[in-house]
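Please look over the sequence and the model below before reading on. The paragraphs that follow go from the chain as a whole to its charged side chains and the pairs they form.

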Amino acid sequence: MAQSRLTKTERKALLDILGCQHLSLLYKASLHTYNVNAFHNKCDSQGPTVVVGYNASGYIFGGFTEQSYASAGKYLFDNNAFMFRLKGKGQEPSILKFPVKNAVEAVLDNSAYGPTFGANTLVFLSESKNSVTTDANTNSYTLSAEDLHGNDQVLLECEVYRVEGLSSILEKPWREMTWTAEKREALMKEIRTYKPCLDAVPQCRVLLVGPVGAGKSSFFNSLNSTFRGYVSSQAAAGSDSTSLTKQYRTYQLKSGSDRAPLPIIFCDTMGLEAQPNTGLDIEDVRSILEGHIPDRYSFNPSCVMSPNMPNYIKSPSPKDRIHCVAFIIDGSKVEILPEKLEEKLKDIRRKANSFGVPQLVILTKVDQICPIVEEDISYVYKSMAVQKQMRLMEAKLGIPLSHIVPVKNYSSELELRNDVDILILMAVRQMLRLAEDYFDDFDDEPSVTRSTKDCYAEP
């Protein structure tokens with residue numbers, strides 16, 4: 001299998017220029033020969049393509065067309081064609097873009113020529129040789145040969161890629177994010193120092209609810225890993241057709257080597273299932289929200305928790321109640337969410353609303369939505385595919401887009417990743433902020449006093 005000459009940094013820069021999701025290598029001159037017939041055999045009828053040339057001066061340059069080569073013997077009209085310089089003499093990408101000037105002759109599609117942009121403005125594989133020819137005096141494109149390739153027209157390599165997923169990467173992220181280690185530390189500190197603004201509530205309680213296999217337990221394990229400093233698995237997680245979580249579990253997060261408790265408790269439940277009398281029962285959700293169900297209660301889909309059962313908490317205090325509900329949804333399966341499962345989620349949302357409990361959607365497995373996000377999580381808010389799934393979730397459940405956050409759980413990784421941690425920590429920060437809205441409603445209860453300390457003050 002042919003290997004791309006592009007480095008990871010160069011590939012990312014090229015994806016940015018093209019605004020696409022993925023590149024598939026079709027033709028590599030050092031492997032398939034510097035021959036126009038070889039080029040057309042590999043690249044005709046492949047849809048949008050980009051040709052990339054490399055010279056001994058260190059330049060990486062080329063051209064893009066949305067049109068498909070067909071050896072038709074004519075010019076192809078392409079208003080979106082352009083030539084580019086990806087890299088000059090330096091080590092880092094140095095990008096220049098040369099848009100088409102005369103779209104009628106943007107690209108020559110002729111079996112006797114290699115990739116040809118304009119009226120011989122830039123010709124690759126000229127006379128089936130490892131060289132390019134450049135004519136900057138045509139009206140097809142405005143460019144300087146010096147800027148394009150440093151006037152070095154001998155090719156060390158020539159590659160052609162099929163361009164996939166065009167227009168699916170936004171030029172600017174629709175949510176601003178900082179991906180630095182400093183941002184990760186700042187988020188961790190903010191969560192560590194958070195204190196609920198009610199004296200009667202030492203820790204915020206968040207209920208995790210979602211379909212079987214969506215990643216509820218994996219989300220907790222991922223967050224736990226972030227604060228432990230290594231990938232761990234405290235809650236049972238994995239793949240199964242039915243819920244791996246059989247009990248109602250409350251998980252206390254601890255941070256660092258001193259294992260200091262964090263001001264948040266996660267409450268894990270059975271996974272939701274579409275079939276009746278399977279998975280978490282909606283009536284049990286009511287008892288969980290009110291704080292009646294104790295830790296390690298074993299769920300029974302055919303028999304819900306009731307006041308006459310052992311260990312039923314008859315008079316729960318504010319600290320026993322749920323302060324925020326987090327719906328954990330597999331982002332790659334939003335379109336195929338079963339209708340009955342969707343209705344169960346809406347039922348839970350209605351019950352949470354009736355108790356004034358705010359809700360958040362955590363869209364997991366976002367790396368499976370978009371190939372470029374799989375390669376680089378920092379593209380999550382540039383990916384139109386991820387944005388589409390989030391908006392679809394907004395429409396399905398009626399939850400505001402500002403209350404929907406994407407994450408990637410740790411699954412195959414052995415080491416922590418800065419970008420993965422930041423998305424997880426941002427989700428938790430949003431939970432805490434929503435919980436504060438819930439605590440505001442306690443102002444009308446005389447038995448509950450509000451803390452005079454700032455919610456994020458140092459302990």
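**Surface, fold and salt bridges**

The chain exposes about 19,900 Å², and carbon and sulfur atoms supply 48% of that area. The model is a predicted one, and its C-alpha atoms fill a box of roughly 90 × 50 × 35 Å when taken along the principal axes. Of the 459 residues in the chain, 54% are buried. The secondary structure consists of eleven helices and 18 strands, and among the contacts with a separation of 6 or more, 70% are accounted for by residues 24 or more positions apart.

Charged side chains offer a way into this fold. The chain carries 51 positive and 56 negative side chains, and the centres of these two sets lie 3 Å apart. How many salt bridges does a search of the whole structure find? The search finds 23, and some of them can be followed individually.

One of these joins the side chains of lysine 12 and aspartate 376, with an N to O distance of 2.9 Å. This pair links distant parts of the chain, since lysine 12 belongs to helix H1 (residues 8–18), whereas aspartate 376 sits in the loop between helix H9 (371–375) and helix H10 (384–397), 364 residues apart. Are the two partners buried or exposed, or something in between? Lysine 12 counts as partly exposed because its relative accessible area is 34%, while aspartate 376, with a relative accessible area of 16%, is buried.

A second bridge is formed by glutamate 159 and lysine 28, whose closest N and O atoms are 2.6 Å apart. Here, too, distant parts of the chain are linked, with glutamate 159 in strand S11 (residues 155–164) and lysine 28 in strand S1 (residues 22–28), 131 residues apart. Both glutamate 159 and lysine 28 are buried.

Helix H10 takes part in a further bridge, in which the side chains of lysine 396 and glutamate 342 meet at 3.1 Å, N to O. Lysine 396 lies in helix H10 and glutamate 342 in helix H8 (residues 339–354), so that this pair, 54 residues apart, again links distant parts of the chain. Lysine 396 counts as buried because its relative accessibility is 16%, under the 20% that marks a buried residue, and glutamate 342 is likewise buried, with a relative accessible area of 12%.

Salt bridges can also be followed beyond single pairs: Lys408, Glu413, Arg417 and Asp419 are linked in a network of them.

Definitions and conventions: Residues numbered from 1 in each chain as written. Predicted model: local features only at pLDDT ≥ 70, side-chain atom pairs only at ≥ 80, totals over all residues. Heavy atoms only, no water. Salt bridge = Lys/Arg side-chain N within 4 Å of Asp/Glu carboxyl O. Helix = DSSP H or I, 4+ residues; strand = E, 2+ residues; numbered from the N terminus. Buried < 20%, exposed > 50% of the residue type's maximum accessible area, 1.4 Å probe, protein only. Contact = heavy atoms within 4.5 Å. Areas by Shrake-Rupley, 256 points an atom, 1.4 Å probe, with all protein chains shown as cover. Lys, Arg positive; Asp, Glu negative; His and termini not counted. Charge placed at Lys NZ, Arg CZ, Asp CG, Glu CD.
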